[in-house]
Amino acid sequence: MDINSKFSQAVVLAASIAYLGMCVKSGIDDFCNKDRKVTVKGLAEKEVEADKVTWPIPTKELGNDLPELYQRINQTTDKVKRFLVANGVKESEISVNAPVVIDLNADQYNTNLRAYRYNITSTVTVTSSNVKLIRNIMARQGELLKQGVAVVDGGYENRVSYEYVSFQKMKPGMMQEAIKNAEITAEQFAKNSKSSIDKIMSADQGQFSIDDRDSNTPYIKKVRVVTTVTYSLKD
């Protein structure tokens with residue numbers, strides 16, 4: 001074997017050792033860094049006005065003559081509908097449930113004398129996307145008293161409800177904001193640990209919630225999303 005051949009073999013061997021060393025170093029670095037990660041939560045919140053309202057309007061009549069009661073409750077229902085339409089509510093936004101009749105004498109466990117036998121209730125329901133208009137009409141429903149119409153308390157089942165149905169349109173933007181806030185938190189953590197964030201290792205789709213801002217303003221909704229993101233860290 002001549003000198004040139006030996007020299008070539010030596011160069012190849014040296015290059016192989018150098019490459020092997022680089023691979024070993026890279027493997028060691030990967031092994032050391034594989035568990036270097038940070039998991040943070042990102043929050044995004046917005047306050048929005050409800051874009052749908054459901055307003056049940058229950059009225060009641062008491063008496064002993066059932067046919068007469070039906071006639072009176074129908075007249076009352078017509079007055080409520082005319083009041084709504086006159087104030088800008090569309091016919092398509094108004095629905096009327098079938099009257100509910102309670103025979104007070106049918107309660108065999110109650111022996112108290114009653115002035116009336118029948119209790120009949122009718123509920124007119126307004127469902128509209130014009131929340132501001134409906135809220136203005138609610139404030140003026142006392143005008144029905146002048147027409148002899150008393151709106152009764154419908155209890156929990158007939159409470160006014162507000163919704164935010166445009167929620168789907170704002171989901172992508174809120175998710176982006178939540179992830180950005182998570183990134184800011186991760187960057188601060190990395191800075192404190194003298195490193196920097198690298199890739200996103202995992203992220204969830206976020207948990208959305210829609211709640212009333214407070215009990216006094218149920219027509220203002222608070223939309224909230226929390227997402228969890230895991231970043232890898234590097235030096």
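Let's start with a single contact: the side chains of Thr-230 and Thr-39 meet in a polar contact at 2.9 Å. Keep in mind as we go that this is a predicted model. Thr-230 sits in strand 9, and with a relative accessibility of 9% this threonine counts as buried, because the limit for that label is under 20%. Setting aside residues up to four places away in sequence, Thr-230 touches Lys-37, Val-38, Thr-39, Lys-199, Ile-200, Met-201 and Ser-202.

Now let's step back to the whole chain. The protein chain has four helices and nine strands, and along the sequence they follow the pattern α-β-β-α-β-β-β-α-β-α-β-β-β. Among contacts with a separation of 6 or more, 78% join residues that are 24 or more positions apart. Of the 235 residues, 27% count as buried. The accessible surface of the chain is about 15500 Å², and carbon and sulfur atoms hold 52% of that surface.

Where do the buried nonpolar side chains gather? The largest nonpolar core has 18 residues, and Trp-55, Leu-84 and Ile-134 are the ones that touch the most other members. Strand 2 (52–63), helix 2 (66–86), strand 5 (118–128) and helix 3 (131–138) each give two or more residues to this core. Helix 3 provides the largest share, with four residues. To see what surrounds one of the central names, look at Ile-134: leaving out neighbours within four places in sequence, Ile-134 is in contact with Val-53, Trp-55, Val-89, Val-126 and Ser-128. There is also a second, separate core of ten residues, which includes Phe-167, Met-170, Met-174 and Val-225.

Phe-167 leads us on to the aromatic rings. A pair of aromatic rings is described by the distance of the centres and the angle of the planes. The structure holds two such pairs. In one of them, Tyr-162 and Tyr-219 lie 5.9 Å apart, centre to centre, with 65° between their planes, which makes the pair edge-to-face. This pair links distant parts of the chain: Tyr-162 belongs to strand 6 (residues 161–163), while Tyr-219 is found in the loop between strand 8 (207–212) and strand 9 (220–234), 57 residues apart. Tyr-162 is buried at 12% relative accessibility, whereas Tyr-219 is partly exposed at 22%.

The other pair, Phe-167 with Phe-208, is edge-to-face as well, with 5.2 Å from centre to centre and 75° between the planes. Phe-167 lies in helix 4 (residues 167–192) and Phe-208 in strand 8, so this pair ties together parts that are 41 residues apart in sequence. Here Phe-167 is buried, with a relative accessible area of 13%, and Phe-208 counts as partly exposed at 23%.

Which charged residues lie over the faces of these rings? Arg-135 lies over the face of Tyr-219, 3.5 Å from the ring centre. For Phe-208, the residue over the face is Lys-171, at 5.3 Å from the ring centre. With these in view, Tyr-219 has an edge-to-face partner in Tyr-162 and an arginine over its face, while Phe-208 has an edge-to-face partner in Phe-167 and a lysine over its face.

Technical notes. Residues are numbered from 1 along each chain as its sequence is written. This is a predicted model: local features need pLDDT of at least 70, side-chain atom pairs count only at pLDDT 80 or more; totals for chains, interfaces and linings use all residues. Side-chain values use heavy atoms; hydrogens and water are left out. Rings of Phe, Tyr and Trp (its six-membered ring) pair if their centres lie within 6.5 Å; planes under 30 degrees apart count as stacked, over 60 as edge-to-face and the rest as tilted. Buried means under 20% relative accessible area, exposed over 50%, partly exposed in between (1.4 Å probe, protein chains only). A charge sits over a ring if NZ of Lys or CZ of Arg is within 6 Å of the ring centre and within 35 degrees of the ring normal. A polar contact is a pair of N or O atoms within 3.5 Å; within protein, one must be able to donate a hydrogen and the other to accept it, and residues adjacent in sequence count only if both atoms are side-chain atoms. Contact means heavy atoms within 4.5 Å. A nonpolar core is a set of buried Ala, Val, Leu, Ile, Met, Phe, Trp, Tyr and Cys residues joined through side-chain atoms within 4.5 Å. Accessible areas come from the Shrake-Rupley method with a 1.4 Å probe; for residues, only the protein chains shown count as cover.
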